[in-house]
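Student: I would like to go through this model one feature at a time. Please give the general idea first where there is one, and then the case at hand.

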Amino acid sequence: MAHAAVAHGIEDVMQPPVERESGAGVYNEKLGMWVFLGSEVMFFTALIGSYLILRFAHPEAWKPPGVVLNIPVTAVNTFLLICSSVTMVKAFAAAQDGFLNHMKYWLLATAIIGASFVGVQGYEYTHLIEKGFIPSEGIYGSTFYTMTGFHGFHVTVGVICMTFVTIKAFLGKYTQTDHRGVEVIGLYWHFVDLVWIILFTIVYLI
Amino acid sequence: MTHVKPESPQTPLTPGTAPSEAPKKHAHPSYIGIWVLLAVLTAVELSVAFLPWHKNVIILILVGLAFWKAALVGLYYMHLRYEPTRLRILAIAPLPLIAVLVCAVITEWIW
């Protein structure tokens, strides 16, 4: 009886005083990714804000679009990233609809296109450095490599995570009812695409 | 005698949490259509950037197009349009920082 009373007391203590809430109404991994993306927004906003301040302060240091930077190559890269976003969202849609085989190949396509983006960026950097446009060239060079370098680093991390998720998909770890990994990496991937959309305009076209 | 509560039925751990809180099922938007629109907007950006117009007009158009593309990705590819309101608020919470930074840039430029 005493044991029962103690157990009952503990049970009362363990009960939350109010009914539990589910926060934002999504599962933890997804909420965690959104919070992380919120911190990423602040990171890139600070980076872009600093870039704009420097650019307004020293407009003479920047060359018109296409003079130093290779716009056609970057346009191809932009198109690649847009393509990778649609393959990613198609993978998620396939998982939701239970087409798990389609999901695997959409994920594989996303990883390959993402890796191609990194490859083209490496090609672009190589040619720019050969032309003498290096990070220490001045404020134009240092801001260009900082902005695009940080973005390229994010894409590289994304490709590594995407490869991991793709392998898990081929091992049959995702189902129609539980494909959280696919959705969470998808959110990160689309965010990286979104940042590039802004960077492409600010760094290359303006 | 301890009172053992009956186990509540296990909610399947699916993207979307408990059924009462899960986002409503929605038909997939036309992802390919959005992809085509993104590609077309990028082509328009590339054309506008080299037009012999006033620099400020070109910047305004390019920034507008960039935000349009970013909104398409956020709303449809990241599914923000279909997410619970609280998650949408969480997603846009850092955006006021952009306004602060734009103000900082403008004052830096003017002074």
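Student: Which elements of chain B have the lowest and the highest mean pLDDT?

Tutor: Confidence is worth reading before geometry, since this is a predicted model. In chain B, helix α4 (residues 96-110) has the lowest mean pLDDT among the elements, 74, and α1(B) has the highest, 96. Residues 1-23 of chain B have a pLDDT below 50, and beyond near neighbours in sequence this stretch makes 28 contacts in the model. For chain B as a whole the mean pLDDT is 78, with 74% of its residues at 70 or more.

Student: What are the ipTM and pTM of the model?

Tutor: The ipTM is 0.85 and the pTM is 0.84.

Student: How many helices and strands does each chain have?

Tutor: Chain A has six helices and zero strands, in the order α-α-α-α-α-α along the sequence. Chain B has four helices and zero strands, and reads α-α-α-α.

Student: What percentage of each chain counts as buried?

Tutor: For chain A, 37% of its 206 residues count as buried. For chain B, the figure is 19% of 111 residues. In chain A, among contacts with a separation of 6 or more, 80% join residues 24 or more positions apart.

Student: How should I read the largest nonpolar core, and which residues have the most contacts inside it?

Tutor: The general idea is that nonpolar side chains tend to be buried together in soluble globular proteins. Here the largest nonpolar core has 64 residues, and A91(A), M103(A), L107(A), V182(A) and Y188(A) have the most contacts inside it. Both chains are represented: at least two residues each come from α2 (28-57), α3 (71-97), α4 (100-130), α5 (139-170) and α6 (180-205) of chain A, and from α1 (31-49), α2 (55-77) and α3 (85-92) of chain B. The largest share, 17 residues, is supplied by α6(A).

Student: Which residues does L107(A) touch, leaving out those up to four places away in sequence?

Tutor: L107(A) touches A91(A), M162(A), V165(A), T166(A) and A169(A). Of α5(A), M162(A), V165(A), T166(A) and A169(A) are among the buried residues.

Student: What else is buried in α5(A), and against which helices do its buried residues pack?

Tutor: The buried residues of α5(A) also include T143(A), F144(A), M147(A), T148(A), H151(A), V155(A), G158(A) and V159(A). The buried residues of this helix pack against α2, α4 and α6 of chain A.

Student: How many Å should α5(A) span, and how far apart are its end C-alpha atoms?

Tutor: The test is to compare the end-to-end distance with the span expected at 1.5 Å a residue. For α5(A), with 32 residues, the expected span is 46 Å and the end C-alpha atoms are 46 Å apart, so the two agree. The 27 residues of α3(A) reach 39 Å from first C-alpha to last, close to the expected 39 Å.

Student: What follows each of these two helices?

Tutor: After α5(A) comes G172(A), with a positive phi near 75°. After α3(A) comes G98(A), with a positive phi near 85°.

Student: Which residue in chain B has a positive phi although it is not a glycine?

Tutor: That residue is H79(B), with a phi of about 65°. H79(B) lies in the loop between α2 and α3 of chain B. H79(B) counts as buried because 20 C-beta neighbours lie inside 10 Å.

Student: Is G122(A) buried or exposed, and is G33(B) buried or exposed?

Tutor: G122(A), in helix α4 of chain A, counts as exposed because it has 11 C-beta neighbours inside 10 Å. G33(B) is in helix α1 of chain B. With 10 C-beta neighbours inside 10 Å, G33(B) counts as exposed.

Student: How many residues does each chain give to the contact, and what is the side of chain A made of?

Tutor: The size of an interface is often given as the accessible area lost when the parts come together. Here I give residue counts: 43 residues from chain A and 43 residues from chain B. On the side of chain A that touches chain B, α1 (2-14), α2, α3 and α6 of chain A each supply at least two residues. The most come from α2(A), with eleven residues. By type, this side of chain A has 25 nonpolar, twelve polar and six charged residues.

Notes: Residues are numbered from 1 along each chain as its sequence is written. Chains are lettered from A and ligands numbered from 1 in the order in which they are written. A nonpolar core is a set of buried Ala, Val, Leu, Ile, Met, Phe, Trp, Tyr and Cys residues joined through C-beta atoms within 7 Å. A residue is buried if 20 or more other C-beta atoms lie within 10 Å of its own, exposed if 12 or fewer, and partly exposed in between; C-beta atoms are placed from the backbone. Two residues are in contact if their C-beta atoms, placed from the backbone, lie within 7 Å. The expected span of a helix is 1.5 Å times one less than its number of residues. Ala, Val, Leu, Ile, Met, Phe, Trp, Tyr, Cys and Pro count as nonpolar, Asp, Glu, Lys and Arg as charged, and the others, Gly among them, as polar. pLDDT is the predictor's confidence in each residue, from 0 to 100.
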